[in-house]
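Visitor: Could you take me through one part of this model up close? I'd like to start with a single residue and what it touches, then move on to the sheet where the two chains meet.

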Amino acid sequence: MHEFGIMEAALETAAQKTRAAGATQIHRLKLRVGKLSGVVPEALQFAFDALKDKSLAAQAVLEIEEVPAVCWCADCAAEFETADLKYECPRCHQPSGDLRRGKQMELASLEIS
Amino acid sequence: MCQECGCSQPGPYQVGDRKIDAHTHTLPDGTVITHSHHDHGPSHAHGHEHHHHGHAHHILNLNTGILNANDRAAEQNRGAFKALNLLVLNVVSSPGAGKTTLLTKTLNELKGRLRCAVIVGDLATDNDAARLRTTGAPVVQIATGTLCHLEAGMVAEAVKQLDLRALDLLIIENVGNLVCPASFDLGEAVRVVLHSVTEGEDKPLKYPPMFHSADVVGVTKTDMAAAADFDRELALKNIRQASPRAKIFEFSARTGDGIQAWCDYLVALKTAGR
């Protein structure tokens with residue numbers, strides 16, 4: 001359900017930036033979504049399809065880049081990608097709560113004219 | 001202004017003998033971007049043009065957070081709370097895990113130790129607020145309508161109805177939902193995720209974003225563990241795996257088991273000035 005609100009916020013920011021650049025149409029909207037962001041790409045796509053007609057992105061393609069969840073292991077002084085979202089270092093098997101990537105929810109770029 | 005990062009445009013700079021007409025940024029996700037500024041045009045910087053529709057398309061690289069507005073509001077809340085030395089909890093769980101019962105018990109136990117107030121969010125009704133008011137603590141109900149989570153702006157509005165200077169502890173009882181509230185920082189110091197024994201042992205594994213963000217995980221309704229065939233060891237193992245940072249409490253609001261330790265923890269946190 002909250003993917004709708006998030007997509008509305010994304011479309012609003014996108015419209016602002018598009019107008020500020022002197023353009024009137026969005027052709028491609030690229031989002032970057034972390035595995036731990038709490039949003040589901042399929043639900044974002046659904047929200048986009050439902051909301052786009054009223055926006056500058058009516059003709060746009062939505063692209064979603066998923067970012068893996070990456071933690072920092074202090075003992076090994078190394079990053080590791082979490083497998084199945086179990087935050088265990090594959091080298092020393094200690095759990096880590098130090099998340100370095102994977103929570104973001106970003107408007108990455110727009111293709112406009 | 002640089003369209004890649006929104007920074008103001010620096011002039012060329014020098015490292016040792018080397019002149020550099022470029023700068024680097026580290027994005028929030030750790031990606032390092034290096035780019036030069038000399039080719040910035042007013043509208044086509046960093047972009048490229050296609051002409052397949054007979055007019056130019058160009059790319060705007062934004063890399064801007066979608067929930068920036070909420071995050072900013074949350075930081076404002078956090079700053080205000082810190083300035084008042086007010087301890088703020090954001091309590092989340094699935095519906096029916098026992099948030100209101102635990103909080104009612106907690107408020108009663110903390111009487112004379114901490115001055116408390118509650119902000120409680122639900123889609124509709126003020127039933128929870130009425131239950132919490134029986135403790136004598138000030139309670140503000142937020143009815144979110146159809147919204148499945150509280151946002152920082154709502155909390156900022158709700159605290160206007162409270163005398164924050166007369167408080168030590170503000171507890172925000174979020175909407176019963178283990179998904180969406182994970183994405184919305186409210187400006188709390190401590191995020192408390194509750195999980196009742198009747199929900200099984202694998203809740204933490206099923207809702208990773210929420211559990212990973214927890215500062216405290218509380219297992220509720222422990223008096224019902226036997227009836228629910230609850231495997232305590234497995235549940236604790238799953239919690240440690242999903243919430244490596246979290247402090248774990250186990251309690252029963254009905255029997256009062258574990259409530260003392262929980263309240264002592266809150267008093268200690270407040271005393272430590274969090």
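**A close look: one residue, then the shared sheet**

Guide: Let's start with Asn90(B). Setting aside neighbours within four places in sequence, Asn90(B) is in contact with Ile172(B), Asn174(B), Phe184(B), Leu186(B), Glu188(B), Val190(B), Arg191(B) and Val192(B). Keep in mind that this is a predicted model. Asn90(B) sits in strand 6 of chain B, which covers residues 87–92. Its relative accessibility is 0%, and the cut-off for buried is under 20%, so Asn90(B) counts as buried.

Now for the sheet. It is an open sheet of 4 strands, ordered 2(A)-1(A)-6(A)-5(B), and the pairing is mixed. At the edges you'll find strand 2 of chain A (61–67) and strand 5 of chain B (58–65), each of which pairs on one side only. Going from one strand to the next, the twist averages 15 degrees.

Let's walk across the sheet from the chain A edge. Strand 2 of chain A pairs with strand 1 of chain A, residues 26–34, in the parallel sense, over 7 bridges. To find a spot on screen, pick Leu31(A): its bridge partner in strand 2 of chain A is Ile64(A).

Two helices of chain A pack on this sheet. Helix 1, residues 2–20, touches strands 1, 2 and 6 of chain A as well as strand 5 of chain B. Its direction makes about 40 degrees with that of strand 6 of chain A. Helix 2, residues 41–51, touches strand 1 and strand 2 of chain A, and its direction makes about 160 degrees with that of strand 2 of chain A.

Next along, strand 1 of chain A meets strand 6 of chain A: they run antiparallel and are joined by 7 bridges. Leu29(A) is a handy marker here, with Leu110(A) as its bridge partner in strand 6 of chain A. Why call strand 6 of chain A largely enclosed by the rest of the structure? Because 8 of its 8 residues are buried.

The last step takes you into the other chain. Strand 6 of chain A and strand 5 of chain B run antiparallel, with 6 bridges between them. Glu111(A) has its bridge partner, Ile59(B), in strand 5 of chain B. Glu111(A) turns up again in the interface: along with His2(A) and Tyr87(A), it is among the residues of chain A that lose the most area to chain B. Together, those three make up 17% of what that side buries.

As for the interface overall, 37 residues of chain A are in contact with 33 residues of chain B. Between them, the two chains bury about 3,000 Å², with 64% of that on carbon and sulfur atoms.

Stepping back to chain A as a whole, it has 2 helices and 6 strands, and from the N terminus on its elements run α-β-α-β-β-β-β-β. Its radius of gyration is 17 Å, whereas a compact globule of 113 residues would come out near 13 Å. The C-alpha atoms fill a box of roughly 55 × 30 × 15 Å along the principal axes. Of the 113 residues in chain A, 48% are buried. And of the contacts in chain A between residues at least 6 apart in sequence, 69% join residues at least 24 apart.

Methods:
Residues numbered from 1 in each chain as written. Chains lettered and ligands numbered in written order. Predicted model: local features only at pLDDT ≥ 70, side-chain atom pairs only at ≥ 80, totals over all residues. Heavy atoms only, no water. Pairing = 2+ DSSP bridges. Axes fitted to C-alpha atoms, helices over the stretch in contact; angles between N-to-C directions. Contact = heavy atoms within 4.5 Å. Rg over C-alpha atoms; globule rule 2.2 N^0.38 Å. Buried < 20%, exposed > 50% of the residue type's maximum accessible area, 1.4 Å probe, protein only. Buried area = accessible area lost by both parts, 1.4 Å probe.
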